[in-house]
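User: Please take a close look at the aromatic pairs of this model, and at what lies around them. I would like the cut-offs stated along the way.

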Amino acid sequence: VDALGVALEKEWSGAMEKAVAGPYATIFDAEAAASAKEFGVALVTGDSEEARKFLSRKKIKLAEGANSTTAKAVKRALAEALEETDPTKPLASRLFEKLQECKDGVRGAYNVSHARATTIARTETAQVSSGARDMHMREAKADGKFARHRWLTSGRGPASEGGTVRESHWDLEGRVFEIGKWITTINGNQLRYANDTGCRGPSPASELVNCECEMVPVEDDEAE
């Protein structure tokens, strides 16, 4: 664990991939099962080639930078918590315990508030779940079931009016896009679905942290 804290980014990525493989696969499989059933497509499990590629690219990113002192401290705390996950326990129990341990580890690593620790855990979980859902949406598109999806926020209104939804996502509320195509936000960032870890642009984190949005399929005969 100490070695992880001082590893270079390339070395860290490999170590983190190994450490989070089990917990991330658990999150992925839970959403994958629900999405496959919802869309009526073949199940893509966490041990599939496509899922492994997605999960291997998943990295813990912090505003301070991936190699900052703070980031290294958090990496060490998360790696320790994940390495201590007991593979013999039920999957649901392992996931719950992992989230709690990660939150506690993050707080202790650099004395952050409980709210921030929760945000990190929630954001990581949402990104893996959304990635699994998008894979099955693209599968449904390939099967000719539907080709578009709609962006939905939590519906609690924009932050500028006292709500909780960021302005760039409130602007996308209810809008329909082709599955797999880039969506450009008012911030100038681009992503293919809510919580897309491949988000690109001037400020990707502004679209991802604590995002509660989701994509829902749009039938061909459904009005936009």
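Analyst: The account below starts with the aromatic pairs, follows one of them into a helix, and then turns to a pocket and its cysteines.

This is a predicted model, in which local features need pLDDT of at least 70 and side-chain atom pairs count only at pLDDT 80 or more, while totals for chains, interfaces and linings use all residues. Residues are numbered from 1 along each chain as its sequence is written, and side-chain values use heavy atoms, with hydrogens and water left out.

The structure holds 2 aromatic pairs. Rings of Phe, Tyr and Trp (its six-membered ring) pair if their centres lie within 6.5 Å; planes under 30 degrees apart count as stacked, over 60 as edge-to-face and the rest as tilted. F28 and F54 make a tilted pair, with 6.4 Å from centre to centre and 45° between the planes. F28 belongs to helix α2 and F54 to helix α3, so the pair ties together parts that are 26 residues apart in sequence. Helices here are DSSP runs (H or I, at least four residues), as are strands (E, at least two), numbered from the N terminus. Both F28 and F54 are buried, where buried means under 20% relative accessible area, exposed over 50%, and partly exposed in between (1.4 Å probe, protein chains only).

The other pair is F39 with F146: the ring centres are 5.6 Å apart and the planes stand at 75°, so this pair is edge-to-face. F39 is in helix α2 and F146 in the loop between α6 and β1 (148–152), which makes this a link between distant parts of the chain, 107 residues apart. F39 counts as buried at 5% relative accessibility, and F146 counts as buried at 5%.

Helix α3 (residues 49–57) deserves a further word, with A51, F54 and L55 as its buried residues. These cover an arc of only 95° around the axis, which puts them on the same side of α3; the arc is that of the directions from the helix axis to the C-beta atoms. On the face of α3 turned away from the buried side are the exposed residues E49 and R57.

Helix α2 (residues 9–39) also contains A33, which is partly exposed, with a relative accessible area of 43%. A33 and A132 are 99 residues apart in sequence, yet 9.2 Å apart in space, C-alpha to C-alpha.

Next comes the second largest pocket, with a volume of about 210 Å³. On a 1 Å grid over the protein atoms alone, a pocket is an open set of points where a 1.4 Å probe fits, with protein on both sides within 12 Å along at least five of seven lines; lining residues have an atom within 4 Å of a point. Its lining has 17 residues, of which S130, R133, N195, C213 and E214 lie nearest the centre. Elements giving two or more residues to this lining are α6 (114–142) and β5 (214–218), and α6 gives the most, with 7 residues.

C213 is buried, with a relative accessible area of 8%. Its sulfur is 3.8 Å from the closest cysteine sulfur, in C211, too far for a bond, given that a disulfide is a pair of cysteine sulfur atoms within 2.5 Å. C211 counts as buried at 5% relative accessibility. The structure holds 0 disulfides.

Conventions:
Grid points are joined across faces, edges and corners, and a volume is the space filled by probe spheres set on the points.
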